[in-house]
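Trainee: Can we go through this model together? I'd like to start with a pocket.

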Amino acid sequence: MKLKKRHEVPDEHKWDLDSVYGSVEAWEKDYARVEEMLPQLTAFQGRLGESAATLLQALKMRDEVSKLLEQVVVWARMKEDEDTANSTYQALSARGRSLYAKATAAAAFLTPEILAIPAETIEAWLDQEPGLAAYRHELENTLRQKAHVRSPEVEELLAQMGEVGAAPSDIFGKLNNADLKFGTIKDEQGNEVELTLGRYLRFLESPVRDVRKQAFEALFTTYRKFRNTIAATYASSVKADVFYARARRYPSARAAALFGTNVPESVYDNLLATVNKNLPSLHRYVQLRRRMLGLDELHMYDLYTPMVADVDRKIPYEEAVETVLKALAPLGEEYCEIARRGMTVDRWVDIYENEGKRSGAYSFGSYTTKPYILMNYQDNLDSMFTLAHELGHSMHSYFSRRHQPYHYADYTIFVAEVASTFNEALLTDYLLKSTDDPRLKMYLINHQLESFRTTLYRQTMFAEFEHIAHQRVENGEALTADVLDEIYYDLNKRYYGTEGMVVDDLIAVEWARIPHFYSAFYVYQYATGISAATALSQQVLTEGRPAVERYLNFLKSGSSDYSTNLLKQAGVDMTSPEPIQQALDVFARLLDQMEQLAG
């Protein structure tokens, strides 16, 4: 079926961006306003230490600029995503990014100047000036950095090192996205097709084993040819992390990375220890997968193909909305009514694919807009799960923006995936309880088991790899291709086990293809996110109203406190191993059910 052009899509299937700007002219006016406001912000440079009133005025001015800037940038970006071939919106989006960079540079003086004010002075000002008290958490969080800020000369040198420090990531990006070619393989119909990074996962999910094997071998044989170059690139990235950590007087690169969100290192250690303790469950899962696929032995390229064939169930968007709302009913009438209106009459969602529309799905918006959702909805179960997931993000944004001032309305990456994964957990629970169809049950359990395998187990394995690599460099050891291969291969053997499982030699070089490794100590947050979401969803389903109240308060909290504190108030203490264990217990229970259904 031919895709519709953007202008042919009915309004009720499109998000309502006209409520932000009805025309390019209206956007241009706000763009010009932001440009006019920047000198008003920079006028505070060199003056923040004058008085509490001056500091308050500067912070308010920054918020005013940021609020309007975000609206300008978000609208242009989303208009571009509606039709990526539209040159008008390509240009507006590029101008928005340029304005964002300009505004970021204009506001750069704020943090160093705040840090130059004695802590006791700021404490006194917080008591004297009621308006400033609204910024207490932000200011206290900024002052935490003081011990790691160096002299102006050193800070200037560190700033100049920025491009050098970013070089390994840039080099890897160019090599990975532009220069590496993976050759061709034969698809399910025997056609010769080019293997690309975008197609790789689709081939790994193929029901035809030879297609999976060809894709796996072609991809990793290519990476193996460049392993020495990529090892030098990654080692340089790790060395840069270690250099910056030492320059700013952190005990380690990991401590430096976690300091930003004030996450204790014990959270990371608990994650690794608890997941390692529960590896027997993953080994059980691998054995079940081998049996269900009817294989004598499982290879690394057999881990992504579905154990249960797609359930051919047509689910139109309207039905998906109703099903998702029934699944979210435990959260109460207010939550469900806002969600219902958002997905229907208030037009948060851009529902279907059209010619030129950006692929995938996301939740996006700004403080002054609706919490929009981009979808390319197909009438199937996967799309319904994607809708529930993105709705979780949008509801988190909706509640945070309505209950927090602008400067606390956003939330950290540490908690970003909690609300989305929480919604998926409630949807799975609802669907499992409301069907007697064993094939559908198996499909749903397979979906959940794979979420745990790829998000909790696999991302923790990545986190462990990063931790070992950084420790090696901090101990003065070299990270050669052989060393990195050995670390990564041994982790795969430990995580997946060796009974009935062939840990193929080529998997040793998989570290060379993971872009996230160039943003060190980031991926662990995917694993903690699914753990927190699983624990919270279990509490809501078993405890009822008290757990619901705690969860809704969490959604309303934005970044008004540190992430671990907000989660603790919601009912999960991520500084203890308990939530990780609770999530892994759910994995084990799902595994029990799947084993029973598989017979």
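Trainee: How many lining residues of the second largest pocket are nonpolar, polar and charged?
Mentor: This is a predicted model, so local features need pLDDT of at least 70 and side-chain atom pairs 80 or more, while totals for chains, interfaces and linings use all residues. Numbering runs from 1 along each chain as its sequence is written, and side-chain values use heavy atoms, without hydrogens or water. Lining residues have an atom within 4 Å of a pocket point (1 Å grid over protein atoms alone, 1.4 Å probe, open set, protein on both sides within 12 Å along at least five of seven lines). The lining splits into 14 nonpolar (Ala, Val, Leu, Ile, Met, Phe, Trp, Tyr, Cys, Pro), four polar (the others, including Gly) and five charged (Asp, Glu, Lys, Arg).

Trainee: Which residues are closest to the centre of the second largest pocket?
Mentor: The pocket holds about 650 Å³ (space filled by probe spheres on the grid points). Its lining counts 23 residues. Closest to the centre are His148, Tyr244, Arg248, Tyr250 and Ala256.

Trainee: Which elements give two or more residues to that lining?
Mentor: Helices here are DSSP runs (H or I, at least four residues), numbered from the N terminus. The contributors are α4, α8, α12 and α13.

Trainee: At what angle do α14 and α23 cross?
Mentor: Their axes (lines fitted to C-alpha atoms over the stretch in contact) come within 11 Å. The helices are roughly perpendicular (65 to 115 degrees). The crossing angle (0 to 180 degrees, N-to-C) is roughly 75 degrees.

Trainee: Which α23 residues meet α14?
Mentor: Contact (heavy atoms within 4.5 Å) involves Val267, Tyr268 and Leu271 of α14. Five residues there are nonpolar, one is polar and none is charged. On α23, the partners are Tyr524, Ala527 and Thr528.

Technical notes
Angles under 35 degrees count as roughly parallel, over 145 as roughly antiparallel, 65 to 115 as roughly perpendicular and the rest as oblique.
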